[in-house]
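Here is a short note to help you find your way around a structure you have not met before. Keep the view open as you read, and take the points in order.

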Amino acid sequence: GELALSAFLVLVFLWLHSVRRLFECFYVSVFSNTVIHLVQYCFGLVYYVLVGLTVLSQVPLNGRNVYVIGKNLLMQARWFHILGMMMFFWSSAHQYKCHVILGNLRKNKAGVVIHCNHRIPFGDWFEYVSSPNYLAELMIYISMAVTFGFHNLTWWLVVTYVFFSQALSAFLSHKFYKSKFVSYPKHRKAFLPFLF
């Protein structure tokens, strides 16, 4: 009973998310001199291919819905498509803002990189959690679950994986910040505002 429009929108969201993250890697983020392990790099490539295939596996296969273009696709629009779209753009905007804040910590006012040291970030969701970029990533994947109409079990399994992987990364970042900075804000949580 999955709508073809749901899968189409989620594929568009994944594409937009990937393009935005690529843009941020080239023009926003300031990376340190460390490198990721080849296995991590390969896992990331395989992950995004599999996520795309996971979405494609949700496209309806009965003859009536396989070939859907133009007006017919728009006729499938439901309230959860609009809600999912709004959540996606809201979460993406916050993630972008967080990456700009992190990148600017290593730049001067002219935008020139002056160091690769860690500093305490402030602003936007950083007032609540140590890793709001990871929280926004989770929200982006939840927005896609909403776009599927809340009921797609396969996508909720993807969201569960994203939750645990991002929560672990956020926990480790939070632990690092607290050990490195004595003046680190005590009220900040690692990943979920006011909870964890």
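Which residues form one aromatic cluster with F43?

1. **The aromatic cluster.** The partners of F43 are Y47, Y48 and Y161, and these four residues together make up one aromatic cluster. Please keep in mind throughout that you are looking at a predicted model. Across the whole structure there are 20 aromatic pairs. One of them joins F88 and F89 in an edge-to-face arrangement, with 5.3 Å from centre to centre and 75° between the planes. The two rings also make a nice lesson in accessibility: F88 is buried, at a relative accessible area of 2%, whereas F89 is partly exposed, at 43%.

2. **The overall fold.** Stepping back, you will find 7 helices and 0 strands in the chain. Along the sequence the pattern therefore reads α-α-α-α-α-α-α, each element being a helix as DSSP assigns it. Taken along the principal axes, the C-alpha atoms fill a box of roughly 60 × 35 × 35 Å. The chain has 196 residues, and 43% of them count as buried. Among contacts with a separation of 6 or more, 79% are between residues 24 or more positions apart.

3. **The largest nonpolar core.** This core has 36 residues, and the members that touch the most others are L14, Y141, M144 and W155. At least two residues come from each of α1 (4-27), α2 (38-56), α5, α6 and α7. The helix that gives the most to this core is α6, with 10 residues. For background, nonpolar side chains tend to be buried together in soluble globular proteins.

4. **A closer look at Y141.** Which residues does Y141 contact, leaving aside its neighbours within four places in sequence? The list is L14, Y47, Y48, W155, V158, V159 and V162. Two names here should ring a bell: Y47 and Y48 belong to the aromatic cluster of the opening point. L14 and W155 also return, as residues that share with Y141 a place among those touching the most other core members.

5. **Charges over rings.** Two basic side chains are worth a look. R188 lies over the face of F122, 4.9 Å from the ring centre. K180 lies over the face of F181, and here the distance to the ring centre is 5.9 Å.

6. **Two backbone angles to check.** Most residues other than glycine have a negative phi. D124 is not a glycine, yet its phi is positive, at about 50°. You can find D124 in the loop between α5 (79-104) and α6 (132-147). F150 is also not a glycine and has a positive phi, of about 70°. F150 lies in the loop between α6 and α7 (153-180), and this residue is partly exposed, with a relative accessible area of 38%.

7. **Cysteines.** How many disulfides does a search of the whole structure find? The count is 0. Take C25: the closest cysteine sulfur, in C116, is 15 Å away, so the two are too far apart for a bond. For C42 the closest cysteine sulfur is that of C25, and at 16 Å this pair is too far apart as well. C25 is partly exposed, with 34% relative accessible area, and C42 is partly exposed too, at 36%.

8. **The annotated region.** An unreviewed UniProt entry carries the annotation "domain: 3-oxo-5-alpha-steroid 4-dehydrogenase C-terminal" for residues 77-196. Over residues 77-196 the model is 58% helix and 0% strand, and the C-alpha atoms at the two ends are 36 Å apart.

9. **Two positions to locate.** Is Q76 buried or exposed? At 11% relative accessibility, Q76 is buried, and its place is in the loop between α4 (70-74) and α5. The C-alpha atoms of Q76 and V46 are separated by 31 Å, with these positions 30 residues apart along the chain. S165 sits in helix α7 and is partly exposed, at 22% relative accessibility. From S165 to K186, 21 residues apart along the chain, the C-alpha separation is 24 Å.

Note on methods
Residues are numbered from 1 along each chain as its sequence is written. This is a predicted model: local features need pLDDT of at least 70, side-chain atom pairs count only at pLDDT 80 or more; totals for chains, interfaces and linings use all residues. Side-chain values use heavy atoms; hydrogens and water are left out. Rings of Phe, Tyr and Trp (its six-membered ring) pair if their centres lie within 6.5 Å; planes under 30 degrees apart count as stacked, over 60 as edge-to-face and the rest as tilted. Buried means under 20% relative accessible area, exposed over 50%, partly exposed in between (1.4 Å probe, protein chains only). A charge sits over a ring if NZ of Lys or CZ of Arg is within 6 Å of the ring centre and within 35 degrees of the ring normal. UniProt positions are given in the numbering used here, feature names are shortened, and annotations may be inferred rather than shown by experiment. Helices (H or I, at least four residues) and strands (E, at least two) are DSSP runs, numbered from the N terminus. A disulfide is a pair of cysteine sulfur atoms within 2.5 Å. A nonpolar core is a set of buried Ala, Val, Leu, Ile, Met, Phe, Trp, Tyr and Cys residues joined through side-chain atoms within 4.5 Å. Contact means heavy atoms within 4.5 Å.
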